[in-house]
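Welcome! Here are a few exercises to work through with the structure open beside you. Try each task before you read its solution.

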Amino acid sequence: MYKLVSVFILLIISSFISAQCQENLIQNAGNRSIQSLNGKWNYIVDPYEMGYLDYRSVPYDQNLKSPERAFYTNSKPQDKTERIEYDFDKSPTLLVPRDWNSQKENLFYYEGSIWYKKSFDYVKSAPDKRLFVYFGAANYRSDVYLNGKKLGFHKGGFTPFNFEITDLVKETDNFLILKIDNKRKADEVPTLNTDWWNYGGITRDVQLIETPATFIRDYFIQLKKASADNITGYIQLDGSNKSGVPVEVTIPGLKLQNKLVTDANGYVSIDFKVKEIRRWSPQDPFLYDVNISFAGDKTIDKIGFRTIETKGADIILNGKSIFLKGICMHEENAIRGGRAYSREDALLLLNWAKELGCNFVRLAHYPHNENIIRLADEMGILVWEENPVYWAIQWANPETFATASKQLKEVISRDKNRASVIIWSMANETPVTDDRISFLHRLVDTARKMDNTRLISAALEQHATKENEMVRTITDPFSEFVDVVSFNQYIGWYDGLPDKCSKIKWVIDLNKPVIISELGADALGGMHGDSLTRWSEEYQKYFFEENLNMVNKIPQLRGTTPWILVDFRSPRRVLPGIQDGWNRKGLISETGNKKLAFYTLRDFYIGISKKYE
Ligand code: GCU
């Protein structure tokens with residue numbers, strides 16, 4: 001009886017702890033990591049959730065009678081008579097970070113739950129240290145346990161989450177167990193239907209983070225909107241001694257040293273005037289060393305300072321009108337197969353974008369890993385980040401909104417100090433209804449409240465006017481709430497043939513910048529024919545020639561992000577011998593070969609550069 005009561009009390013405490021800790025993402029986690037948990041994890045495929053539900057489908061979390069059946073207790077038979085029907089240590093292994101689909105042929109299409117287990121030892125570096133476990137991302141739902149106790153859960157396949165494990169971790173033989181469930185669901189974000197592969201698993205880095213008892217958990221340090229000399233933001237401490245703490249911010253490159261004192265909540269706002277700041281830009285992606293410290297803790301980050309705003313139809317970077325020479329990309333390393341996650345993957349993708357002549361990338365349709373954001377900072381590539389509110393989301397469902405809002409907050413929290421990120425995109429190709437406008441408008445409010453320094457957009461849809469099919473316009477009321485009007489159009493692929501482009505007239509009476517967030521056509525790399533042979537490289541090239549000529553006539557055009565850099569896997573693309581499970585709109589094939597249209601777009605950007613630089 002005693003055992004049951006103590007387990008029950010621990011469950012209550014850990015659920016409280018998990019409720020708190022999950023909201024408090026650790027900023028600049030990579031700078032604090034003390035132990036990586038990347039590598040081989042044992043796994044158990046569990047399509048019937050037998051490690052989580054009893055035979056009456058009651059979660060073992062609530063059914064204490066037979067906890068040994070719950071996989072997260074990692075139970076072993078105590079004697080020869082005991083029946084335990086699982087054993088992580090005798091189970092096979094998966095690599096973390098990596099999706100499971102591209103690691104095992106029998107998991108290629110798998111959608112369901114897989115249990116992961118990692119054992120680790122940990123010796124505190126000092127008695128008062130705190131310990132967190134930090135996950136870069138896991139798709140889609142993660143239920144997380146340490147040493148048989150539930151830490152909490154996280155929903156969303158593309159944003160980080162962390163839990164404090166100070167009071168649960170032991171010196172040896174800790175077992176960290178996750179149940180990852182990538183089943184698609186109508187009320188989730190994204191919903192059931194997407195045009196990308198539903199890669200499941202622990203898809204990004206896992207690390208242990210040790211901190212002092214009171215530490216610098218979060219900070220936001222950027223140039224104030226439309227200011228070239230005013231750095232603003234805040235610092236947030238976490239811990240029992242966080243109030244009234246003298247904190248110091250130094251930026252040696254600016255000869256700046258500021259002493260501040262936190263308030264009762266461990267919070268202090270920042271407001272510095274600076275002279276001669278070397279502003280970050282694609283031509284000069286300069287990053288300052290920023291040191292934040294107080295008696296008990298310090299963290300160092302590399303931060304670029306730039307301004308981004310709109311003025312009428314212009315996008316103004318550091319006071320100068322720019323054109324966003326962009327390309328869309330999924331988070332996939334098509335050559336290796338599977339989700340991209342590493343710095344090497346990011347280098348492959350961004351180097352291709354650079355070869356194309358891009359100064360901008362649209363990271364579709366969900367937040368990508370932090371490696372590519374940090375690399376974009378270093379390489380001087382501007383970034384569009386997107387919340388996975390894609391297609392037919394359940395607009396009237398408050399749970400769905402909460403999930404969408406939480407994922408948006410998580411990506412803004414993680415990347416708010418990255419100069420390369422200039423646009424937060426709320427959604428992609430969503431139907432115009434009152435519920436959807438309200439849903440997206442509330443997301444805009446959420447984003448602006450967290451970060452009023454960046455631009456807001458969303459990939460909308462264009463429509464023909466009632467009077468004339470050849471006259472196209474943007475009638476989406478949501479365009480009122482964004483800074484940049486972006487829309488996808490496929491005239492010449494889904495809508496007529498490429499010669500239709502020259503017959504189209506665009507009438508967009510919005511005094512805002514316009515980005516064509518998608519235009520594209522499929523081509524099987526290496527397939528050749530005349531310019532009207534569907535799926536040939538020549539057709540794709542003709543499509544780009546006609547499309548770019550057409551959109552370049554839009555007076556407010558200030559950017560294009562054609563769909564898409566590289567062919568990518570999609571279960572929706574099944575044409576034998578041509579698609580075979582791949583969306584072929586890439587300008588580069590899944591084997592890394594550039595198609596004819598790659599050079600068409602590159603030449604277009606060379607022409608644009610002459611006009612803008
Ligand atoms: C849509 C959508 C993409 C999709 C593309 C296509 O615009 O935004 O996610 O892959 O069209 O049909 O190829």
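A polar contact is a pair of N or O atoms within 3.5 Å; within protein, one atom must be able to donate a hydrogen and the other to accept it, and residues adjacent in sequence count only if both atoms are side-chain atoms. This is a predicted model, in which local features need pLDDT of at least 70 and side-chain atom pairs count only at pLDDT 80 or more, while totals for chains, interfaces and linings use all residues. Residues are numbered from 1 along each chain as its sequence is written, and side-chain values use heavy atoms, with hydrogens and water left out.

**Exercise 1. Find the polar side-chain atoms beside oxygen atoms of the ligand.**

Step 1: Start at Tyr490, where a polar side-chain atom lies 3.4 Å from a ligand oxygen.
Step 2: Go on to His365, which has a side-chain N or O atom 2.7 Å from an oxygen of the ligand.
Step 3: Finish at Glu518, whose polar side-chain atom is 2.5 Å from a ligand oxygen.
Step 4: Now look at the cover: on its own the ligand has 320 Å² of accessible area, and the protein covers 96% of this (Shrake-Rupley method with a 1.4 Å probe; for residues, only the protein chains shown count as cover).

**Exercise 2. Describe the shell around the ligand.**

Step 1: Count the residues near the ligand, meaning those with a heavy atom within 4 Å of it; there are 14, and the closest are Asp195, His365, Glu429, Tyr494 and Glu518.
Step 2: Sort the shell by class, which gives 5 nonpolar, 4 polar and 5 charged residues. Here Ala, Val, Leu, Ile, Met, Phe, Trp, Tyr, Cys and Pro count as nonpolar, Asp, Glu, Lys and Arg as charged, and the others, Gly among them, as polar.

**Exercise 3. Explore how domain 1 meets domain 3.**

Step 1: Mark domain 1 (32–211) and domain 3 (309–612), with bounds from an automatic or database domain assignment.
Step 2: Collect the residues in contact (heavy atoms within 4.5 Å): domain 1 gives 29 and domain 3 gives 39.
Step 3: Look for salt bridges (a side-chain nitrogen of Lys or Arg within 4 Å of a carboxyl oxygen of Asp or Glu); the two domains share 3. Arg204 and Glu331 form a salt bridge at 3.1 Å, N to O.
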